[in-house]
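Subject: Structure for your review

Dear colleague,

Please find below the structure that I am handing over to you. I should be grateful if you would read the notes beneath it alongside the coordinates.

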Amino acid sequence: FSTHSRNGYYNGHVFHRVIKGFMLQTGDPGGDGRGGESIWGEDFEDEFSKGLKFDRPFIVAMANAGPNTNGSQFFITTVPTPHLDNKHTIFGRVTKGMDVVQAVEKVQTDRFDKPRKDIKILNIEISAT
């Protein structure tokens, strides 16, 4: 994620899935949730830590299609989602711009949870806390 962010990989990507009361998903260059590639060019293994839980909103984690299928897609939770513990690799938290996450969560979506209007990432800024 950090390398992709620094390289501008995510710039211009749309949020292709928004589920109110759950999460926002992005990271697929095609914008349909079926693509994306890790910096290694292939899926990578899950990384879980006992201290990292989906116990609050604004958790940033890898989206996957099952165990050890992480690529470039990620999601941001909008509520606590403990049922995702040890199923998705947590790697960050939104610390600024929570109001933006909440605004995106409220957009109109189609029956596939895709926003009716494109919502794009302009850039990602990473800071250590």
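The notes that follow cover the sheet, the nonpolar cores and one buried residue.

Please bear in mind that this is a predicted model.

The sheet is open and consists of five strands with antiparallel pairing, arranged in the order β1-β2-β4-β3-β5. Its edges are formed by β1 (17-19) and β5 (90-93), each of which pairs on one side only. On average, neighbouring strands of this sheet are turned by 20° against each other, direction ignored. Three bridges link strand β3 (residues 59-62) with β5 in the antiparallel sense, and I59 stands opposite R93 in β5.

The largest nonpolar core comprises 13 residues, and F15, L24, F74, I76, V94 and V101 have the most contacts inside it. Two or more residues of this core come from each of β4 (74-77) and α2 (98-105). Another core, of eight residues, lies apart from it; I59, A61, A63 and F75 are among its members.

Beyond its neighbours within four places in sequence, F15 is in contact with L24, Q25, T26, P115, I119 and I121.

T26 belongs to strand β2 (residues 23-26). T26 has a relative accessible area of 0% and is therefore buried, the cut-off being under 20%. A polar atom of the T26 side chain lies 2.8 Å from the backbone oxygen of V14. With neighbours within four places in sequence again left aside, the contacts of T26 are H13, V14, F15, H16, Q73, F74 and I121.

Yours sincerely

Key:
Residues are numbered from 1 along each chain as its sequence is written. This is a predicted model: local features need pLDDT of at least 70, side-chain atom pairs count only at pLDDT 80 or more; totals for chains, interfaces and linings use all residues. Side-chain values use heavy atoms; hydrogens and water are left out. Two strands pair if DSSP finds at least two bridges between them. Helices (H or I, at least four residues) and strands (E, at least two) are DSSP runs, numbered from the N terminus. Axes are lines fitted to C-alpha atoms, for helices over the stretch in contact, and angles run from 0 to 180 degrees between N-to-C directions. A nonpolar core is a set of buried Ala, Val, Leu, Ile, Met, Phe, Trp, Tyr and Cys residues joined through side-chain atoms within 4.5 Å. Buried means under 20% relative accessible area, exposed over 50%, partly exposed in between (1.4 Å probe, protein chains only). Contact means heavy atoms within 4.5 Å. A polar contact is a pair of N or O atoms within 3.5 Å; within protein, one must be able to donate a hydrogen and the other to accept it, and residues adjacent in sequence count only if both atoms are side-chain atoms.
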